[in-house]
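Okay, thanks for coming, everyone. I'd like to walk you through one model today, starting with rings and ending with some backbone oddities. Have a look at it first.

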Amino acid sequence: MGSTTGSPSRPSSPLGRPGGVSVGLFGGSFNPIHVGHVALAKALREHCHLDEVWLMVSPQNPLKRQADLLDDRQRYEMAQLALRNVEGVRASDYEFQLPRPSYTWNTLQHLRQDFPETTFTLIVGGDNWAHFERWYHWKDILRNHRVVVYPRAPYPGTIELPLMDVSSTDIRHRIRTGQSVDGLVPEPVVTYIEEHHLYAE
């Protein structure tokens, strides 16, 4: 499997079996996905005793477009490539099928309908947690779901994990200025970026 895609009303289990599993939801633009994302997802799965972690690729907001944010499908395809051989961590384009703008509470509601026997844990960075009370239906999220906060400098988390000093912003800058991104981006993703001439301008 590579995706949790499908009609929200008629999903197929991304695990190839009925629910009853625990899944961590790690959302982001992944523009592009890098080794830090992958390492963090693997560590979160182990530390939080999750069956799987889904990297929820956030769709572009049509009302608030970002010039340097790649097409939804390209970011999702890069995430798939990065996670191809990573056990228990999968890329998801689930939010692409939902109304926009994409609110976490709405996504969680749809997921609960589509996978009623799956327990979802929301994974957020310390920077987002610092402003969590601004999130749409934040109290309902806390009331109905486990939330795990990983540290993201300078903000602490509710768990301690070693983090890699790498960012998508820096990677885009390196590509634009002709610098190497070896060791920062999974090799299949580097190849994809080069073949599609991404982030060069």
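So, what counts as an aromatic pair here: rings of Phe, Tyr and Trp, taking the six-membered ring for Trp, pair if their centres lie within 6.5 Å, and planes over 60 degrees apart count as edge-to-face. And keep in mind that this is a predicted model.

With that cut-off, how many aromatic pairs does a search of the whole structure find? The search comes back with 9. One of them is Trp54 with Phe120, an edge-to-face pair with 5.7 Å centre to centre and 65° between the planes. Trp54 sits in strand S2, residues 52–57, while Phe120 is in strand S4, residues 119–125, so this pair ties together parts that are 66 residues apart in sequence. Both Trp54 and Phe120 are buried.

Phe120 has another ring partner in Phe115: the centres are 6.4 Å apart and the planes are at 65°, so that pair is edge-to-face as well. How buried are these two? Phe115 has 8% relative accessibility, so it counts as buried, and Phe120 has a relative accessible area of 3%. Elsewhere, Phe26, Phe30 and Tyr150 make up one aromatic cluster. Hang on to Phe30, we'll come back to that residue.

Next, the sheet. It's an open one, 5 strands in the order S3-S2-S1-S4-S5, with parallel pairing. Which strands stand at the edges? Those are S3 and S5, the latter being residues 146–150; each has a single partner strand, so one side of each is left without a neighbour in the sheet. From one strand to the next, the twist averages 30°.

Zooming in on one edge, S2 and S3 run parallel and are joined by 4 bridges. If you want a residue to click on, Leu55 has Ala91 in S3 as its bridge partner. Lying across S2 and S3 is helix H2, residues 72–82, which runs at about 165° to S3.

Now the backbone oddities. As a baseline, most residues other than glycine have a negative phi, and most peptide bonds are trans. Against that, where are the cis bonds? One joins Asn31 and Pro32, with omega about 5°, and Pro32 is in the loop between strand S1, residues 22–28, and helix H1, residues 35–47. Another cis bond joins Arg100 and Pro101, with omega again about 5°. Pro101 belongs to the loop between strand S3, residues 89–92, and helix H3, residues 104–114.

Back to Phe30, as promised. This residue is also in the loop between S1 and H1, and its phi is positive, about 45°, although it is not a glycine. Is Phe30 buried or exposed? It's buried, because its relative accessibility is 3%. Tyr199 is another non-glycine with a positive phi, near 65°. You'll find Tyr199 in the segment after helix H7, residues 187–195, and at 7% relative accessible area it is buried too.

Last stop, a polar contact. Asp114 lies in helix H3 and counts as buried because its relative accessibility is 11%. What does its side chain touch? The side chains of Asp114 and Tyr94 are joined by a polar contact of 2.6 Å.

That's my tour, so over to you.

Terms used. Residues numbered from 1 in each chain as written. Predicted model: local features only at pLDDT ≥ 70, side-chain atom pairs only at ≥ 80, totals over all residues. Heavy atoms only, no water. Helix = DSSP H or I, 4+ residues; strand = E, 2+ residues; numbered from the N terminus. Buried < 20%, exposed > 50% of the residue type's maximum accessible area, 1.4 Å probe, protein only. Polar contact = N/O pair within 3.5 Å; in protein donor to acceptor, adjacent residues only side chain to side chain. Phe/Tyr/Trp six-rings, centres within 6.5 Å; stacked < 30°, edge-to-face > 60°. Pairing = 2+ DSSP bridges. Axes fitted to C-alpha atoms, helices over the stretch in contact; angles between N-to-C directions. Contact = heavy atoms within 4.5 Å.
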